[in-house]
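Colleague: Please pick one sheet in this structure and take me through it closely, strand by strand. After that, carry on to the helix packing elsewhere in the chain.

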Amino acid sequence: MHKSIFSTIFFLFITTVIFSQKKPLDHSVYDGWKSLSDINISNDGKIVSVLISPQEGDTALFLKNTNNNLTRTFDRVRSYKLSTDGRWTVGLLKAPFAERRQARIDKKKKGDMPQDSLLIIDNLTFRSEKIPGIKSYKTAADMAVHVAYTIDLPKDTTDKKDAKEKEILIVRNLLTQQEDTFRNAKEHTFNRYDNSFVVSIKPDKNDSTDSPRVEFIDLDNNIRKVISNEEVEYKSFTFDEPGRQLVYIATGDTSKTDQKTYDLRYYKSGQDSSIVISEKTISGMPEGWIFNEYASPGFSKDGRRILIGALPKQEPKDTTIVDFEMAELDIWHWQDPIIQPQQLVEKRRRERETYTGIIYTDNLNQFIPLANEKMPSVTVSDEGNGRYALITSNLPYLIESQWDLSPKYDVWMMDLTDNSLHEVTKELNGRPILSPQGNYIYWWDATIRDWFSYDNTSNSLVNLTERIPVNFWDERNDVPHDPGSYGIAAWGENDEYVFVYDMFDIWKIDPDGDKKPVNITQNTGRNDSLTFRYINTDPDKRFVGVDDELLLSAFDNVSKETGYYTLKQKGRNPLKKRVMDGFTFSREIKAKDEDIFVYQKSNFNTSPDLYITRDYWNRNEKLTDINPQMNDYNWGTAELFSWTSYAGIPLQGIVYKPEDFDPAKKYPVMIYFYEKHSDNLYSYFTPAPSRSTVNIPFFVSRGYIVFTPDIHYTVGQPGMDSYNAVVSGAEAIAKNSWVDAENMAIQGQSWGGYQVAYIVTQTDMFKAAGAGAPVSNMTSAYGGIRWESGRSRQYQYEQTQSRIGAPMNDSLHLYIENSPLFYTENIKTPLLIMHNDEDGAVPWYQGIELFMSMRRLGKPVWMLQYNNEAHNLIHRRNTKDLSIRLQQFFDHYLKGEPAPVWMTRGLPATEKGKTWGYDIE
């Protein structure tokens with residue numbers, strides 16, 4: 001008995017010592033905190049590869065041979081390719097980060113910068129070879145044994161005409177070590193399966209030892225063949241998948257015109273040379289149409305068709321007008337289909353827009369146009385092989401789409417057996433999609449709230465879901481717009497069935513409507529509050545076969561646990577739970593030929609490492625340990641918290657407590673919110689410099705309670721809805737003895753920033769607040785522009801997140817009532833605003849309006865305006881700066897720490913770039 005008591009006391013003592021020895025996170029930890037990317041597994045499952053990347057520093061490649069358990073890490077690998085059979089890995093080996101950084105500090109010229117290398121690894125032994133001085137490398141999509149890379153030849157310092165570096169292209173067979181070398185190489189590419197290669201050669205004018213040409217290389221038989229040899233520009237090389245056909249475009253036009261005319265080149269293995277196809281030699285091309293540099297030719301899956309873009313030839317630019325005498329302006333017209341800012345954002349894309357047509361490889365003299373200027377969008381069924389082409393246009397509805405997000409399309413179907421065009425419908429409420437084989441067009445009609453299918457053969461229309469007694473529309477939709485669907489999981493083989501999601505389960509539905517729908521998850525989802533979703537583990541698989549065993553993700557809507565189930569479509573008890581746990585499972589990848597999966601697993605206090613399972617999660621093996629330093633720091637715990645809002649709505653949120661939490665102490669509280677957070681109970685958050693919001697593990701580690709409440713919204717009062725949820729949640733959590741109710745703060749960004757700004761006009765219960773990119777004046781923001789997309793902001797208020805639900809002319813009072821700017825006299829909470837001058841989502845004058853109003857009223861307010869920065873910070877130097885200021889601001893108000901200079905007296909423009917005001921006076 002005494003021994004037991006002593007053991008317990010000793011355990012508690014040791015635990016306390018361990019906790020007390022753990023350090024709080026600080027800003028120095030960010031750079032070395034790692035994450036995983038580019039996860040791969042060989043077809044046979046024997047080789048696993050992944051990049052391990054610090055936030056700043058040298059990335060590493062981790063390899064594991066699961067057959068013999070050998071592992072190897074190769075430092076400084078930035079990108080890589082694993083051969084499909086797992087035999088080879090090739091990668092770009094960067095110069096050390098410290099050397100590259102110092103070279104930038106020293107402002108070295110491009111040619112004097114530290115060089116990269118090519119790393120070639122034989123995965124049988126993990127022996128590697130390094131080739132220094134490479135500029136780039138390329139492999140086939142399904143690499144087998146070849147890699148192409150470019151390196152610089154040494155400068156010829158004896159020949160002043162040839163004193164610059166020249167590149168050579170080397171194609172190497174990794175198995176035989178045979179190499180082919182090409183000088184003056186321009187574009188080059190492999191076919192998908194690594195058995196063919198093409199390269200264009202364009203010598204310098206001074207090089208008389210080489211000639212312009214296109215070479216086709218049969219890599220299986222090591223045969224090189226010149227297939228074009230004119231002195232023209234060649235580009236856009238594309239193989240069919242087997243690598244026996246090739247298309248590309250070419251032009252001899254060397255002028256500086258905005259639009260050059262190209263011809264199409266076609267080569268098939270066995271031909272003497274490429275066939276030239278131009279708008280002058282081909283029939284069917286609309287009058288005045290050409291191929292240009294954006295024609296982007298490609299093959300159908302079976303290689304029988306060439307799909308290529310064409311367009312009307314533009315009128316040449318008037319060169320008689322002198323550039324410096326031309327006016328520069330944008331003319332806004334009230335009947336423009338889209339407004340000028342959006343036109344300017346989309347200008348580059350629209351200038352590259354072409355209209356798809358087909359050329360059959362057995363009839364190269366005929367062009368079949370599918371799209372045109374009035375019917376611009378085309379999808380050919382069955383990966384380009386199919387009988388039907390879906391043609392759509394939203395052009396008649398572009399004006400209303402500026403404020404009404406309901407998609408509307410005119411829809412046609414072309415039967416490619418006779419090239420006949422059939423109108424399906426006009427003004428369709430939904431976005432039409434072709435089934436994989438092309439037998440059906442299907443869409444979601446948000447107004448009717450059902451899925452529809454249209455049979456391309458019988459021209460019959462079927463409502464797929466109207467007779468099923470569950471909702472297929474988003475039951476949690478809380479914006480003033482018709483709800484979207486839960487989506488389509490997949491189609492069955494030969495388009496026999498379509499698999500459709502409801503909120504919880506998956507339904508197998510006959511697209512003709514003849515057979516009774518079947519709930520293939522047997523209502524388990526709805527009965528147990530589980531959401532099932534299909535995971536396609538084979539990117540090449542476009543449909544579900546009747547004998548396929550399906551992998552499903554599962555989310556428990558009550559406990560928030562996640563996991564995997566499998567589903568057989570035949571037999572008894574087809575649904576089988578494989579794993580459900582208090583973790584986030586993600587990024588699962590299956591070996592193509594074996595039932596071996598790699599995946600990531602994490603939760604709030606478990607770093608997202610890589611795992612492998614060979615028996616559907618009965619057992620799993622941890623492959624990486626990317627952040628062992630976590631054990632050195634005071635981390636935390638996450639738990640659900642429930643309360644009832646002022647509006648009488650039951651709500652949930654997450655409470656994060658420090659790892660060394662002591663219920664006898666009182667802790668300051670940071671409340672961060674956006675919309676919904678409780679489903680993230682088992683999410684991991686990386687300690688990282690802030691792009692806009694408080695970093696949860698950072699503040700928890702440093703002795704804060706962090707609370708992330710859910711918010712329930714109605715229409716017309718988003719400000720009050722956020723108040724009802726957040727403030728009631730703050731009051732509820734403050735009832736705990738371990739909460740320091742006198743030291744609570746709120747923080748949010750964008751929509752969260754708006755809600756912060758509104759809440760502080762309604763209550764003074766918070767000691768401090770931080771609002772990033774807040775809308776402060778809905779009456780001016782309504783007429784503003786989202787400069788990143790160029791779109792009008794009106795739709796946000798009428799139909800989406802801002803949730804006013806009506807145009808401002810109809811409901812001006814709602815825009816005023818929900819605008820913090822008109823109630824700044826009520827603010828008693830010190831406010832830190834961040835709003836950046838290149839914000840493409842919320843116009844930064846919204847932050848200025850709020851700042852100027854509070855300043856005029858003599859209320860404590862600061863605004864951080866990061867120069868040339870976006871809505872959320874992009875440049876790492878700025879994210880580190882913001883992280884420091886967020887800590888200093890909240891530590892001052894909630895922990896009583898001294899205020900830094902930037903808070904006490906600001907930072908004059910004359911000191912900008914000389915000091916940052918972090919110091920304490």
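**A sheet, a hairpin and helix packing**

Modeller: Strand β27 (residues 408-415) pairs with β28 in the antiparallel sense, over seven bridges, where two strands count as paired if DSSP finds at least two bridges between them. The model is a predicted one, in which local features need pLDDT of at least 70 and side-chain atom pairs count only at pLDDT 80 or more, while totals for chains, interfaces and linings use all residues. Residues are numbered from 1 along each chain as its sequence is written, and side-chain values use heavy atoms, with hydrogens and water left out. Helices (H or I, at least four residues) and strands (E, at least two) are DSSP runs, numbered from the N terminus.

Within the pairing of β27 with β28, Met414 stands opposite Leu421 of β28. The wider arrangement is an open sheet of four strands in the order β25-β26-β27-β28, with antiparallel pairing. At its edges lie β25 (377-380) and β28 (420-429), each of which pairs on one side only. From one strand to the next, the twist averages 20 degrees; axes here are lines fitted to C-alpha atoms, for helices over the stretch in contact, and angles run from 0 to 180 degrees between N-to-C directions.

Elsewhere, β41 (residues 584-590) and β42 (residues 597-603) also pair in the antiparallel sense, over five bridges, and a hairpin of six residues joins β41 to β42. There, Ser586 has Gln600 in β42 as its bridge partner.

Turning to the helices, α6 (residues 718-734) and α7 pack at an angle of about 80 degrees, their axes 9 Å apart. That makes α6 roughly perpendicular to α7, given that 65 to 115 degrees counts as roughly perpendicular, under 35 as roughly parallel, over 145 as roughly antiparallel and the rest as oblique. Among the residues that meet (contact being heavy atoms within 4.5 Å) are Tyr723 and Val726 of α6, and Trp751 and Tyr758 of α7.

Helix α7 (751-759) is also one of the elements against which the buried residues of α11 pack, the others being α8 (778-781), β53 (831-834) and β54 (861-864). In α11, the buried residues are Gln846, Gly847, Leu850, Ser853 and Met854, buried meaning under 20% relative accessible area, exposed over 50%, and partly exposed in between (1.4 Å probe, protein chains only). Seen down the axis of α11, these fall within an arc of 135 degrees, so they line one face of the helix; the arc is that of the directions from the helix axis to the C-beta atoms. On the other side of α11, Arg855 and Arg856 are exposed.
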